[in-house]
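Here is a walk through one protein chain. Keep the sequence and the 3D view side by side as you read.

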Amino acid sequence: MAPSCPPSTLEITEQHKRVAAHFAATLVQDRSSVGLGTGSTVAYLLPALAARGLNLRCVATSPATEHAARELGLVVESLDELGQLDIAIDGADQIDPEGWLIKGGGAAHTREKIVAAAAKRFVVIASAEKVVDKLSAPVPLEIMRFGAQGTLQALAPAQLRDVPASPDGNLIADYLGDVGDPQTLASRLSAVPGLVEHGLFAPTLLSDIVIAGDGGIEHRRITSG
Ligand code: 5RP
């Protein structure tokens, strides 16, 4: 038999995402309402959740997630129909030691933040390379088309991202400066008229962080969430 190649770094990262997502699927209880995030880690969550055969009512944070969830037989409704959610599960681009996140690499951070805030329990799932000592740019931004140039100047240094508009018709951009203290930057960004939402998520939004790495799963409960 030919010797098999060791898995690449990419394959290992994908395996870690899968492990974190499968663990999070076990946190979902029957007859609950579930917020579904967006991204490649959530892509592992959806089949794991569907395979459990629970009676769930879900909300999707993007058209891509909505489509994938429906294909798997999950019931997707609007957030207005469901109101408060029992649990929401989503990925992250960066996670700092205090539980601050940067999200929005998939340009879905506004809907993701609304869904996270609507959930009694918000679980973040990620592979270990998402854990950082200090958050750094880019910080995703969603801004209104109206007056976009002036809004970008007020958010400087920031630039538009070359991606389609959000499902809500807004532009996607990135803040490219120093992050420094996340709360200070979050307040500064939020104060700019024309900004719809930024991708800094405060630890107060979170209930759990599930990180999968070479050493297995780390499941942190966040008491401020
Ligand atoms: C999408 C997000 C994603 O959760 C974040 O970008 C992580 O994505 P992935 O799981 O593909 O690494 O915020 O807007």
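Leaving aside its neighbours within four places in sequence, which residues is Ile209 in contact with? The model is predicted, so read the contacts that follow as computed from that prediction. Ile209 touches Ile95, Gly99 and Val124, and also Glu218, His219, Arg220 and Ile222. Ile209 is found in strand β12, which covers residues 208-213. Its relative accessible area is 0%, so Ile209 is buried. Glu197 is twelve residues from Ile209 along the chain, and their C-alpha atoms are separated by 22 Å.

Now step back to the whole chain. Its secondary structure comes to seven helices and 13 strands. The C-alpha atoms fill a box of roughly 60 × 45 × 35 Å along the principal axes. How does the radius of gyration fit a compact globule? For 225 residues, such a globule would have a value near 17 Å; the chain has 18 Å, which agrees. Of the 225 residues, 48% count as buried. Take the contacts with a separation of 6 or more: residues 24 or more positions apart account for 69% of them. The accessible surface comes to about 10800 Å². Carbon and sulfur atoms hold 54% of that surface. The chain has 18 positive and 26 negative charges, and the mean positions of the two sets are 4 Å apart.

Turn next to the strands. Strand β3 spans residues 85-90. Why is β3 described as largely enclosed by the rest of the structure? Five of its six residues are buried, which means little of the strand is left outside that count. β3 pairs with two strands described here. With strand β1 (residues 33-36), the pairing is parallel and runs over three bridges. In that pairing, Val34 stands opposite Ile87 of β3. With strand β6 (residues 119-127), β3 also pairs in the parallel sense, over five bridges. Here Ala88 stands opposite Phe122 of β6.

Helices come next. Ala24 is found in helix α1, residues 9-25. Is Ala24 buried or exposed? Its relative accessible area is 0%, so Ala24 is buried. Not counting residues up to four places away in sequence, Ala24 touches Leu45, Ile89, Val123 and Ile125. Glu66 is 42 residues from Ala24 along the chain, with 19 Å between their C-alpha atoms.

Leu45 also appears among the buried residues of helix α2, residues 40-51. The others are Thr41, Val42, Tyr44, Leu46, Ala48 and Leu49. What do the buried residues of α2 pack against? Their partners are α1, β1, α3 (63-71), β3 and β6. After α2 comes Gly53, with a positive phi near 65°.

Helix α5 covers residues 109-118. Seven of its ten residues are buried, so α5 is largely enclosed by the rest of the structure. Which residues are they? The buried set holds His109, Thr110, Glu112, Lys113, Val115, Ala116 and Ala118.

The loops hold some backbone details. Ala107 lies in the loop between β5 (101-102) and α5. Its phi is positive, about 65°, although Ala107 is not a glycine. Ala107 counts as buried because its relative accessibility is 15%, and the cut-off is under 20%. Arg31 also has a positive phi, near 65°, and is a residue other than glycine. Arg31 is found in the loop between α1 and β1. Arg31 counts as exposed because its relative accessibility is 65%, and the cut-off is over 50%.

Finish with the prolines. Where does Pro138 sit? Its place is in the loop between β6 and β7 (139-143). The peptide bond from Ala137 to Pro138 is cis, with omega near 5°. Pro157 has its place in the loop between α6 (148-154) and β8 (158-160). The peptide bond from Ala156 to Pro157 is cis, with omega near -5°.

Key:
Residues are numbered from 1 along each chain as its sequence is written. This is a predicted model: local features need pLDDT of at least 70, side-chain atom pairs count only at pLDDT 80 or more; totals for chains, interfaces and linings use all residues. Side-chain values use heavy atoms; hydrogens and water are left out. Helices (H or I, at least four residues) and strands (E, at least two) are DSSP runs, numbered from the N terminus. The radius of gyration is taken over C-alpha atoms; the globule rule is 2.2 Å times the number of residues to the power 0.38. Buried means under 20% relative accessible area, exposed over 50%, partly exposed in between (1.4 Å probe, protein chains only). Contact means heavy atoms within 4.5 Å. Accessible areas come from the Shrake-Rupley method with a 1.4 Å probe; for residues, only the protein chains shown count as cover. Lys and Arg count as positive and Asp and Glu as negative; His and the chain ends are not counted. The place of a charge is taken as NZ of Lys, CZ of Arg, CG of Asp or CD of Glu. Two strands pair if DSSP finds at least two bridges between them.
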